[in-house]
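User: Could you take a close look at one helix for me, and at the part of the model around it? I'd enjoy a connected account rather than a list.

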Amino acid sequence: MLFNSFDFFVFFPVVTILFFLLPHKFRWFLLLAASCYFYMYFIPAYILILFFTIIIDYFAGIYLEDTLDAKRKKFYLTCSIIANVGVLAVFKYYNFFLDNINETSTFFSGHPTALRYLGIALPIGLSFHTFQAMSYTFEVYYGRQKAERHFGIYALYVMFYPQLVAGPIERPQNVIHQFYEKKYFDYSRVAEGLQMMLWGFFKKVVIADNLSVMVNQAYDDPSQQSGMTLLLASYFFAIQIYCDFSGYSDIAIGAARVMGFNLMENFRTPYVSKSISEFWSRWHISLSTWFRDYLYIPLGGNRVSKSRWIMNLLIVFMVSGIWHGANWTYVIWGALHGLYLVFAIFKNQWLDRLGLSQKLESSKLVSIVNVVLTFHLALFAWIFFRATSVADAFTVIREIAHTHLSFNELKNSFLVFAKNPGNLGRLWFFIGILLVFLWSDPKMDKIAKRRIVIPYPFLKYSLYSLILASIILFGFFGEVQFIYFQF
Amino acid sequence: MKKFLSRCFLFLLTTLSVYLNAFAVLFFIKIGGIPLVYRATQGNFLKGGGTYIKTHNFNIHEKYDVIIIGSSHAYRGYDPRIFKEYGYNAYNLGTSDQKPMCSYFLIKNYINSNNCKLVIFDLYDRIFSQSNIESMSDMIQNIPSDKAALQLSLASKDVRAINMFTLRMFNKLSDPINPDTLGYIKGFLPTEKLLELPPKRRLYTYETNDEAIKYLDKTLSYLKKEGVKVVMTEHSLPSVAPAPGHDDFRKDVYQVLNKYNVLWFDYTTDSSMTDVQYFADESHLNVKGVYKYNHRLINDLIKANILQPATNQASFVYKDKE
């Protein structure tokens, strides 16, 4: 079920009301049933995949806790990892691997292999719930989490509908105990959750989905577009993906909060980061901390030789890239971020040697330059993330490199986005809304997360009414999925 | 809880007020003579045009032998004057891109056992496979009944349809912007054009649309309850531009038709009518095609005992007679 669908508009209040009406001991069952229904809205049969990993990890957790033998523990952990990664390998990566094998085979022998492609659709949010399930077995293995003996509660941990298909990728320590806690209807908490959801919806349907039309238009066939059109589309995509994914996270966190559950923060205005490492502490926080805890640190992190440290960074970011999708474009996207971080290591060492680090850190001008630079580094990597192929990504870069910066070019690009001059008014109107959004987003993010409190109720009502009215008036209500659903 | 509900009510009231004020601002500010709301929001239709004319000219109290329902295939493909030749009083209520949901609300609000004997429901695969918004917006803006427009906008479960209904209310006092009265003959729009070769490629692929099937079912159920006869029709398509996925479409539609024992007169691939000379474009008949097709259809309906031979045949002679 999509958050931005009429069905969710009915589903959410029904489930929430039932949740508060039911006695505490039945609530886990309601949430589990609702989560199954939510997931089965896409392709019902795929729930079996979810059940398969849930059963494996449930028992793996119990065996991991019950055994004291380190070798056996490793064996159980390996079984769990193989099951989870195996599901990903079959459903997400098999065709990609086969593509590459066939290309290699064609290169060397002149013909592809006889292996057949799988004609199946990718289960929605597969990478998310698989990683969430894996975080449970890792935590039990490291002894930081007790194995969950209640099968229903464990299944709910993996399937909790607000974060089932696109995160945040939770940790068992943060969530499981919350299912045992009795939740009461608390006005201010419910209002907070709803306000957060509303802001998420605004980002999704007003900003991201309206931008998606223009981005798709440019990126669907980049060879037919001018450099200026592609440049604008790339800027638009950077905003689109932020609004799309952070919007989803806000809705998920808000929906859980209404029922009294606290999910981890997933975004913290990433485009104001002064460095790429800061960007990753603000962008998709639940995934970057997952990779930090379960891949980067086990690999040795930065407490190893410099060359090994660099290798660790590159591995983590390339795996992060392939986590996003079975395409070389994602691998390159991840590798670019890895390279940015490697470059930052050398840069920081060089500045330290010159004794400039502290001086530069305190300079406001340098901060601004760093924010702009970091944003553009992320933007460059987004080109690979959005392009449908590596060749397309290079076409986009080549065309952008040959852009003539002129008013006429800009005008022509807006005409391309508008499709016909009659739509230009709507486009300018939308650009106005976009500029207001970009200006207000850091403040609104803090308001939605209660870091700033609006003192006057009238002001608060007006603000959220304006957001809701804007969603109704300017929202894009064609069929647009969340970008991260495909991962 | 009480506090929460009262605050929700207050919030919704504030939102309604903000929404209506914003709408009013966008409606009353005009650029190039057109309210800004058309330029600033999505999916809005002007008040006026073919749907406005044909639905306003339709007399709900008149007794019709045949009413034609459907999309542009319908309003360009069924000429009430040819039906008149056989003595049948017909009216064409086909509207642009009319989807089964729109057809349902149109039929439910305008057709009953007192004003219609037979509904000819023209179907083709594309109206089952695309978004509803175009036909919905057109109808919400232009049909005479507020009730039907409200029903349609609520049933659509689409926020754009709610905006469209608000726009309809704002438009109450204004005249149709684009009357476009020319050419419609009892809802039928004739065209003399000839299909340009080579034909354009069809870019859509047919996919089962549960909502369309649901509304087709509801339509047939309503007509059965009203005692109004109904047949499905689909006119021929040019041999150079065949409909892909037509077999899947037939399978889906027959599931519903069989339930109500409704016949489907499907001429999609009828070789006597697929020559390019009968078409204005890849999907629509021209006057020559309409003439041939309508005579054929009427005769087939008479043969199937769905239309009774009329005694008072008119002496109308079609100018483009073959």
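Analyst: Happy to help; what follows starts with the helix α18 of chain A and then moves outwards to the chain, the interface and a few loops.

A word on the ground rules. This is a predicted model, in which local features need a pLDDT of at least 70, side-chain atom pairs count only at pLDDT 80 or more, and totals for chains, interfaces and linings use all residues. Residues are numbered from 1 along each chain as its sequence is written, while chains are lettered from A and ligands numbered from 1 in the order in which they are written.

Let's begin with the helix itself. α18(A) covers residues 424–448; helices here are DSSP runs of H or I with at least four residues, strands are runs of E with at least two, and both are numbered from the N terminus. At A:Asp441 the helix α18(A) bends by about 55°, and a proline, A:Pro442, follows within four residues. That bend is the angle between axes fitted to the seven residues ending at a position and the seven starting there.

Which residues of α18(A) are buried? They are A:Phe430, A:Asp441 and A:Ala448, where buried means that 20 or more other C-beta atoms lie within 10 Å of a residue's own, exposed means 12 or fewer, partly exposed covers the range in between, and C-beta atoms are placed from the backbone. A:Asp441 is thus both the site of the bend and one of the buried residues. The buried residues of α18(A) pack against α8 and α9 of chain A. After the helix α18(A) comes A:Arg450, with a positive phi near 65°. As background, most residues other than glycine have a negative phi.

The helix also takes part in the meeting of the two chains. In total, 21 residues of chain A are in contact with 22 residues of chain B, contact meaning that the C-beta atoms of two residues, placed from the backbone, lie within 7 Å. On the side of chain A that touches chain B, α8, α18 and α19 (457–474) each supply at least two residues. The largest share there, 10 residues, comes from α19(A). By type, that side of chain A divides into 15 nonpolar residues, five polar and one charged; Ala, Val, Leu, Ile, Met, Phe, Trp, Tyr, Cys and Pro count as nonpolar, Asp, Glu, Lys and Arg as charged, and the others, Gly among them, as polar. For the model, ipTM is 0.72 and pTM is 0.81.

Now for the chain that holds the helix. Chain A has 19 helices and zero strands. Its radius of gyration, 24 Å, is close to the 23 Å that the globule rule gives for 487 residues, so chain A is as compact as a globular protein of that length; the radius is taken over C-alpha atoms, and the rule is 2.2 Å times the number of residues to the power 0.38. Along the principal axes, the C-alpha atoms of chain A fill a box of roughly 70 × 65 × 55 Å. Of the 487 residues, 41% count as buried. Among contacts in chain A between residues at least 6 apart in sequence, 73% join residues at least 24 apart.

The two partners of α18(A) lead to further places. Between α8 (187–220) and α9 of chain A sits a loop with A:Ser223, which counts as exposed because it has 10 C-beta neighbours inside 10 Å. Helix α9 (residues 227–258) of chain A gives 20 residues to the largest nonpolar core, the most of any contributor. That core has 192 residues, and A:Met159, B:Ile67 and B:Val119 touch the most other members; a nonpolar core is a set of buried Ala, Val, Leu, Ile, Met, Phe, Trp, Tyr and Cys residues joined through C-beta atoms within 7 Å.

One more loop residue of chain A makes a good contrast with A:Ser223. A:Arg171 lies in the loop between α6 (151–159) and α7 (172–180), yet A:Arg171 counts as buried because it has 21 C-beta neighbours inside 10 Å. Leaving out residues up to four places away in sequence, A:Arg171 touches A:Ser135 and A:Glu139. Its C-alpha atom is separated by 42 Å from that of A:Leu427, 256 residues apart along the chain.
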